[in-house]
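I opened the model to look up a few places in the fold. These are my notes, entry by entry.

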Amino acid sequence: MTPDQDLQFLRRSFEVARRARDGGDHPFGCLLVGPDGEVLREQGNGYSAEGGDRTAHAERLLASWAAKSLDVEMLRGSTLYSSAEPCAMCSGALYWAGVGRVVYGQSEKGLKAATGAHEENPTLDLPCRIVFTAGQRPTEVVGPLLEDEAAQLQADYWAARAAQ
């Protein structure tokens, strides 16, 4: 992918996050783009949609679908675009699924600063690069990109949640 395509697809993940938020869920979104540039799947956060499942992060849900639906060779050449840096759980799921490249907006460190100690999002400040580096196959990571735009998706949402 070119840098311009990365920005285009990353902004599309922001739109997925907005749709998740507008549907009553946490504002996280991602999409998987195949080696040929085709969007294979979009996925919003599933916390509310999955009945309060705290593991129903957008990236984990997409990784589970991809592992069941696509072969490893295709996934190795695919890119996951995420509105926020995949957490340790999601990074592990993406690694095990076989996704070869990850591009993200807001960093885990930035997300943790924005959400504080909110019980619905007890953010792990563990960079995805550390998780991927511990693996036996390479996973390219690009990010944070457009971090201010990505952070805005979270700021208003978590401030309102904290006030409840």
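**Entry: aromatic pairs**

I looked up Phe9 and Tyr81 and found both buried. The model is predicted. Their rings form an aromatic pair, with 5.3 Å from centre to centre and 40 degrees between the planes. I noted that pair as tilted. Where do Phe9 and Tyr81 sit along the chain? Phe9 is in helix H1 (residues 3-22), and Tyr81 is in strand S3 (residues 79-84). The two are 72 residues apart, and the pair links distant parts of the chain.

I counted two aromatic pairs in the structure. Tyr95 and Trp96 make up a pair too, with ring centres 5.6 Å apart. Their planes stand at 80 degrees, so I logged the pair as edge-to-face. Is each of the two rings' residues buried or exposed? Tyr95 has 11% relative accessibility, so I count it as buried. Trp96 has 69%, so it goes down as exposed.

**Entry: helix H4**

Next I checked cover along H4. Eight of its ten residues are buried, and I noted the helix as mostly covered. The buried ones are Ala88, Cys90, Ser91, Gly92, Ala93, Leu94, Tyr95 and Ala97. What covers them? The cover includes H2, helix H3 (72-76), S3, strand S4 (101-106) and H6. I also looked just past the helix. Gly98 follows H4 and has a positive phi, near 110 degrees.

**Entry: H2 against H4**

I then took the packing of helix H2 (residues 58-69) on helix H4 (residues 88-97). The angle is about 15 degrees, and the axes are 8 Å apart. Angles under 35 degrees count as roughly parallel, so that is how I filed H2 and H4. Their crossing is left-handed. Which residues make the contact? From H2 they are Glu59, Arg60, Ala63 and Ala67. From H4 they are Met89, Cys90, Ala93, Leu94 and Ala97. By class I have seven nonpolar residues, two charged and no polar ones in this contact.

**Entry: Gln43**

I looked up Gln43 in strand S2 (residues 39-44). Buried or exposed? Its relative accessibility is 16%, so Gln43 counts as buried. I listed its contacts, leaving aside neighbours within four places in sequence. They are Val16, Phe28, Gly29, Cys30, Ala58, Leu61 and Leu62.

**Entry: Ser48**

Ser48 lies in the loop between S2 and H2. Its relative accessibility is 39%, so I entered Ser48 as partly exposed. Not counting residues up to four places away in sequence, Ser48 touches Gly24 and Asp25. I also took a distance from Ser48 to Leu124. The C-alpha atoms are 20 Å apart, and the residues are 76 apart in sequence.

**Entry: Arg129**

I moved on to Arg129 in helix H6 (residues 128-133). With a relative accessible area of 34%, Arg129 is partly exposed. What does Arg129 touch, not counting residues up to four places away in sequence? I found Glu85, Tyr104, Val141, Val142 and Gly143. I also checked Arg129 against Ala114, which is 15 residues away along the chain. Their C-alpha atoms are separated by 21 Å.

**Entry: the loop between S5 and H7**

Gly143, one of the residues touched by Arg129, led me to the next stop. A cis peptide bond joins Gly143 and Pro144, with omega about 5 degrees. Pro144 is in the loop between strand S5 (140-142) and helix H7 (147-163). Leu146 is found in that loop too, between S5 and H7. I checked its backbone. Phi of Leu146 is near 50 degrees, a positive value in a residue other than glycine. Why write down both the bond and the angle? Most peptide bonds are trans, and most residues other than glycine have a negative phi. Last, I looked up the exposure of Leu146. Its relative accessibility is 21%, so Leu146 counts as partly exposed. The cut-off for buried is under 20%.

Technical notes
Residues are numbered from 1 along each chain as its sequence is written. This is a predicted model: local features need pLDDT of at least 70, side-chain atom pairs count only at pLDDT 80 or more; totals for chains, interfaces and linings use all residues. Side-chain values use heavy atoms; hydrogens and water are left out. Helices (H or I, at least four residues) and strands (E, at least two) are DSSP runs, numbered from the N terminus. Buried means under 20% relative accessible area, exposed over 50%, partly exposed in between (1.4 Å probe, protein chains only). Contact means heavy atoms within 4.5 Å. Axes are lines fitted to C-alpha atoms, for helices over the stretch in contact, and angles run from 0 to 180 degrees between N-to-C directions. Angles under 35 degrees count as roughly parallel, over 145 as roughly antiparallel, 65 to 115 as roughly perpendicular and the rest as oblique. A crossing is left-handed if the near helix is turned anticlockwise from the far one by less than a right angle, and right-handed if clockwise. Ala, Val, Leu, Ile, Met, Phe, Trp, Tyr, Cys and Pro count as nonpolar, Asp, Glu, Lys and Arg as charged, and the others, Gly among them, as polar. Rings of Phe, Tyr and Trp (its six-membered ring) pair if their centres lie within 6.5 Å; planes under 30 degrees apart count as stacked, over 60 as edge-to-face and the rest as tilted.
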